[in-house]
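Me: Hey, I've got a new model open and could use a second pair of eyes. Can we walk through it together?

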Amino acid sequence: MALLTVEEIRKGLDQEFIPLEPMVAGLRLIDGGVSEDVLGIFENENKISFPDNFRCLIKKIDFGNLTIGPVVFCNGGDYLKELFQLNVEMAWWGRGGRPKDLFVIANSDPYVIILNIKTGNILAADFELGWQCAKKIASNFDFYLRGVGTTMLRRNEVGNRCAFAKTIMKDVGGADLTYWSQLAG
C-alpha cells in the first residue's frame, strides 16, 4: 500500500470530519499556513533554519488547530507560538540548552515528535525516557504527515495491522516499528 498524498488525506479527513463541525474542529487539513515573512522572522529570532520540506507544508497548511489521530500539532490557533513555547519556554529536553538541531513540532501521548532541523528526519521520543532515546520515525516531515494521515485513514481497512505498520514505516523511511505499530493499533 502506497502512502496517501496530502490531497488524498485532506479529502479523507474532510469526509470524516466536516459532518462533525462546528462541534468538533481541528481535525482536517485546511489551507492557510504561515506566511514566508512571518516564518522568516521566526527563524531569525530563534536562530534556526527549518528544512524546506517542513517550511513548505507549514506555509501551505494551517497547523494552528490541527490534530490527526493522537498527534497534536497545535490547538491554540498559532502554530509558531506553540513551537516557541515548546522549544524555548518549556525546556522539553530537561536541563541545559536545547539539543542542537532538535526542535519539537508535535506531541502524541506518550511521544514528543521532534524535527532534526539539520537532517530533516522526524524522531519520536517517549517523554518519560527522554530525548536521548529518540528513534527515527520518518525521513522527512512530508513523509511523516502522510504516514500519520495514511495510518489514521486506512488502519481499519487492513487485516494485519502489524504488516500495515511495517509497510508505513518502510514507506516513510522510519526505523522504529513500535511508533507505527502503536499508531496503527
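Me: Let's start with the strands. In which sense do β1 and β2 pair, and over how many bridges?
Reply: Happy to help! One thing up front: this is a predicted model. Strand β1 (residues 66-68) and strand β2 (residues 71-74) pair in the antiparallel sense, over 3 bridges.

Me: And which residue in β2 is the bridge partner of Leu-66?
Reply: That would be Cys-74.

Me: What sits in the turn of that hairpin?
Reply: There are 2 residues between β1 and β2, and Gly-69 in the turn has a positive phi of about 60 degrees.

Me: Which non-glycine residues have a positive phi?
Reply: Lys-47 is one of them, with a phi of about 55 degrees. Ala-91 also has a positive phi, about 45 degrees in its case.

Me: Where are those two, and are they buried or exposed?
Reply: Lys-47 is in the loop between α2 and α3, and it counts as exposed at 75% relative accessibility. Ala-91 is in the loop between α4 and β3; at 31% relative accessibility, Ala-91 counts as partly exposed.

Me: OK, backbone again. Which peptide bonds should I look at for cis geometry?
Reply: Look at the bond from Glu-21 to Pro-22, which is cis with omega near 5 degrees. Another cis bond joins Asp-109 and Pro-110, with omega about 5 degrees. Pro-22 lies in the loop between α1 and α2, while Pro-110 lies in the loop between β3 and β4.

Me: What else is in that α1-α2 loop?
Reply: Met-23 is found there too. Together with Leu-20 and Val-24, Met-23 makes a nonpolar surface patch of about 310 Å².

Me: Why does Met-23 count as exposed?
Reply: Because its relative accessible area is 76%, and exposed means over 50%.

Me: Let's go inside. Which residues touch the most other members of the largest nonpolar core?
Reply: Phe-50, Phe-73, Ile-113, Tyr-144, Tyr-179 and Trp-180 do, in a core of 52 residues. The largest share, 6 residues, comes from helix α5 (residues 141-154). There is also a second, separate core of 9 residues, with Trp-92, Val-104, Val-112 and Leu-123 among them.

Me: Is there a general tendency behind that, and what is it?
Reply: In soluble globular proteins, nonpolar side chains tend to be buried together.

Me: Back to Tyr-179. What is it in contact with, leaving aside neighbours within four places in sequence?
Reply: Tyr-179 is in contact with Val-71, Tyr-111, Ile-113, Ala-124, Ile-137, Tyr-144 and Val-148.

Me: Which residues of helix α3 are buried, and what covers them?
Reply: In α3 (residues 52-60), the buried residues are Phe-54, Arg-55, Leu-57 and Ile-58. Their cover includes the helices α1, α2, α4 and α5, along with strands β3 and β4.

Me: Last one: Asn-121. Where is it, and why does it count as buried?
Reply: Asn-121 lies in the loop between β4 and β5. Asn-121 counts as buried because its relative accessible area is 19%, and the cut-off is under 20%.

Me: How far is Asn-121 from Lys-136?
Reply: The two are 15 residues apart in sequence and 6.7 Å apart in space, C-alpha to C-alpha. Lys-136 is also one of the contacts of Asn-121 beyond four places in sequence, and the others include Ile-114, Leu-115 and Ser-139.

Terms used: Residues are numbered from 1 along each chain as its sequence is written. This is a predicted model: local features need pLDDT of at least 70, side-chain atom pairs count only at pLDDT 80 or more; totals for chains, interfaces and linings use all residues. Side-chain values use heavy atoms; hydrogens and water are left out. A nonpolar core is a set of buried Ala, Val, Leu, Ile, Met, Phe, Trp, Tyr and Cys residues joined through side-chain atoms within 4.5 Å. Buried means under 20% relative accessible area, exposed over 50%, partly exposed in between (1.4 Å probe, protein chains only). Helices (H or I, at least four residues) and strands (E, at least two) are DSSP runs, numbered from the N terminus. Contact means heavy atoms within 4.5 Å. Two strands pair if DSSP finds at least two bridges between them. Patches are made of residues with over 30% relative accessible area and no salt bridge: like charges are joined within 9 Å, nonpolar side chains (Val, Leu, Ile, Met, Phe, Trp, Tyr) within 5 Å. Accessible areas come from the Shrake-Rupley method with a 1.4 Å probe; for residues, only the protein chains shown count as cover. A salt bridge is a side-chain nitrogen of Lys or Arg within 4 Å of a carboxyl oxygen of Asp or Glu.
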